[in-house]
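User: I am new to this structure and would like a close look at how its helices and strands are put together. Please take me through the packing slowly, in connected prose.

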Amino acid sequence: MARANHEHYEQHGHRELHAAIPRYHRMNTKDKVNDTTDTGSFPIVRRKPPYGPRGNARRARIVSSVLVALLSALLGFGYVAQVRNTESSYESLTEDELVRVLDETSTQVDKLEQRKSELNAQLESIQSAADKQEEAARIAAQNETTNGILSGRLPAEGKGITITVTQGSTHVDASTMFTLIEELRNAGAEVISFNSVRIVTSSYIKDTKSGLNVDGQSAASPYTIKAIGNPEDLQNAIQIAGGVGSRLKVQYNAKVVLKQQESVKIDEVRRSPTYKYAKTVE
Amino acid sequence: MAAVIGLIAGVVFGIFLQPDIPIVLQPYLPIMVVAALDALLGAARSFFERSFSDKVFVISFLSNVITATLLVLLGNQLGVGSQLSTAVIVVLGIRIFSNVSAIRRFIFKG
C-alpha cells in the first residue's frame, strides 16, 4: 500500500508535493502500524547472531570441541575407573552368586583343614622318628663311652685301689702277676693298668730275664697296679686268706702295699685294634 | 570427532593411571557414568538435529551428573539409596534409548 502511494506521488507534479507531504507522512505511519504481522498468536522468534557480536566462528568451534572432548574424556575415565572397581569387589554379585562363592570358599577351607591335619600327623611322625633317632644316638654315645673304657681307648677315673708290689729276693713270675690281675677282674675292676700299660682283653704278661714284659713293654720292680672299682671288693680279693696277696708275700717274699683311693686316675690308653677277620653281624 | 577422541583419551588415561576411587565416591560413580553417557548421547542427537550448542551440552552434562549424584545421595540418606539409584538408572536408560532411536532415525531417515 505504501509503495503504491509513492508511485502515485511520482506521477503527479512537483507543485502538489509541499501540500501532500504531511498527509503522506501520516498515511505512512498508519500503514506501518497496520502492516505489522504481530498478531499475538505466535511467539516472537528472536534470531540469535550466529557466534556473538565478534563472530569469531573458528575460535568458538575450537572451544566447543575442547569442551566436548574434555567431558567425554571425563566420562571415559569414570567408566574405566568404575569397571576396574567393579571387577575387584563382590558388590555387584547377586545373592545366588554370593552363596556359591561362599560355598566354594568353605569347601576350600575344609580341604585346607584336612590337608593341615594330614601335614600335622606327618610332622608328628617325623618328630617321633627324630626323637627315636636322638635316643639311638644317645645310646650309641653311651655305648661308645662304655666300650671306649672297656677297650682302653679312653682314659678313666674313679674310686679304686693302687697296689705296689716290690720284688724281694725271688723273681715274681708272670703267672702270679696275671693271677693278680685276674683276681682284680673277678672282683669287678673296671679299668686296670699295670706300670703305665693299660690292661685290656688281649693283654699278656711274660717273663723276661730282668723282670716282666707286659704287652711288649718291659716292666721292672716295683710293679704298680692301678684298678678302678669298688675299693673294698678289690682289697678283699687281693688280701683274702690264701689269696694272691699272701702268696706273693709268702712264696716270693715280695712286699705288697695296698692303698684304697677315692680317685684313681688311669691316663694310659690303648689304640683300638683294627680287626682283620672279624666283622660285626648286622 | 572431538567426543570420540576425548572418550579414547579418557579410557587410555584410566587404564594407564589405574585410579583408586575414593571410598566416598564409590556408590555414585556408576550413576555419574550413566548420566554422563546420557548427556553425551543427547548432545549427539542435537548435533544431528543441527541444534547442537556447546553451552547447552556442558550444562546438561554437569547438571545430569550432579542431579543423579544428589538423587542417590538423598536416597542413601533416606535409606532408599539402592531403589533410588535403580530409578535413576531406569530413567537415564530410557532417555539413552530414546536418544539412540532419534539418532538412528537421523542416520537411516526412517
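Analyst:
**Helix packing and sheets**

In chain B, the axes of helix α2 (residues 29–48) and helix α4 (residues 81–108) come within 9 Å and cross at roughly 20 degrees. An angle under 35 degrees counts as roughly parallel, and α2(B) is therefore roughly parallel to α4(B). The crossing of these two helices, α2(B) and α4(B), is left-handed. Sorted by class, the residues in the contact of α2(B) with α4(B) are 16 nonpolar, 4 polar and 3 charged. It should be said at this point that the model is predicted.

Helix α4(B) also packs with another helix of chain B, namely α3 (residues 54–78), at an angle of about 155 degrees and with the axes 7 Å apart. Because angles over 145 degrees count as roughly antiparallel, α3(B) and α4(B) are described as roughly antiparallel to each other. The crossing of α3(B) and α4(B) is right-handed, whereas that of α2(B) and α4(B) is left-handed.

Chain A offers a helix pair as well. The axes of α5(A) and helix α7 (residues 244–251) of chain A come within 10 Å, and they cross at roughly 160 degrees. The two helices α5(A) and α7(A) are therefore roughly antiparallel to each other, and their crossing is left-handed.

From the helices we can turn to the strands of chain A. In general, strands of a sheet pair through backbone hydrogen bonds, and the pairing may be parallel or antiparallel. In chain A, 5 strands form an open sheet in the order β3-β2-β7-β1-β8, and the pairing is antiparallel. The edge strands of this sheet are β3 (197–199) and β8 (255–266) of chain A, each of which pairs on one side only. On average, neighbouring strands of the sheet are turned by 25 degrees against each other, with direction ignored.

It helps to walk through this sheet in the order of its strands, beginning with β3(A). Strand β3(A) is joined to β2(A) by 3 bridges, and the two run antiparallel; I192(A) stands opposite I199(A) in β3(A). Strand β2 (residues 191–194) of chain A is in turn joined to β7(A) by 4 bridges, again with the strands running antiparallel, and here V191(A) stands opposite I228(A) in β7(A).

The next step in the order leads from β7 (residues 223–228) of chain A to β1 (residues 156–166) of chain A, two antiparallel strands joined by 6 bridges. Among the residues paired here, I161(A) has A227(A) in β7(A) as its bridge partner, while the partner of T162(A) in β7(A) is K226(A). On to the edge, β1(A) and β8(A) pair in the antiparallel sense over 10 bridges, and in β8(A) the bridge partner of G160(A) is Q261(A). As a general point, the side chains of a regular strand alternate between the two faces of the sheet.

Chain A has another open sheet, this one of 3 strands in the order β4-β5-β6, also with antiparallel pairing. Strands β4 (205–207) and β6 (217–219) of chain A stand at its edges and have a single partner strand each, so one side of each is left without a neighbour in the sheet. The twist of this sheet averages 30 degrees from one strand to the next. Strand β5 (residues 212–214) of chain A is joined to β6(A) by 3 bridges, and the two run antiparallel; within this pairing, V214(A) stands opposite Q217(A) in β6(A).

The last part of the picture is empty space. As a general matter, rolling a probe the size of a water molecule over the atoms shows where such space is left. The structure holds 1 cavity of 30 Å³ or more, and about 30 Å³ of space lies in the largest cavity. The largest cavity is lined by F178(A), I181(A), R185(A), I199(A), V200(A), S203(A), Y204(A) and I205(A). Helix α5 (residues 174–186) of chain A gives the most to this lining, with 3 residues, and α5(A) is also the helix whose axis crosses that of α7(A) at roughly 160 degrees. By class, the lining of the largest cavity has 6 nonpolar, 1 polar and 1 charged residues. One of the lining residues, I199(A), has already appeared in the account of the larger order of strands, where I192(A) stands opposite I199(A) in β3(A).

Key: Residues are numbered from 1 along each chain as its sequence is written. Chains are lettered from A and ligands numbered from 1 in the order in which they are written. This is a predicted model: local features need pLDDT of at least 70, side-chain atom pairs count only at pLDDT 80 or more; totals for chains, interfaces and linings use all residues. Side-chain values use heavy atoms; hydrogens and water are left out. Axes are lines fitted to C-alpha atoms, for helices over the stretch in contact, and angles run from 0 to 180 degrees between N-to-C directions. Angles under 35 degrees count as roughly parallel, over 145 as roughly antiparallel, 65 to 115 as roughly perpendicular and the rest as oblique. A crossing is left-handed if the near helix is turned anticlockwise from the far one by less than a right angle, and right-handed if clockwise. Ala, Val, Leu, Ile, Met, Phe, Trp, Tyr, Cys and Pro count as nonpolar, Asp, Glu, Lys and Arg as charged, and the others, Gly among them, as polar. On a 1 Å grid over the protein atoms alone, a cavity is a set of points where a 1.4 Å probe fits but cannot get out, and a pocket is an open set with protein on both sides within 12 Å along at least five of seven lines; lining residues have an atom within 4 Å of a point. Grid points are joined across faces, edges and corners, and a volume is the space filled by probe spheres set on the points. Two strands pair if DSSP finds at least two bridges between them.
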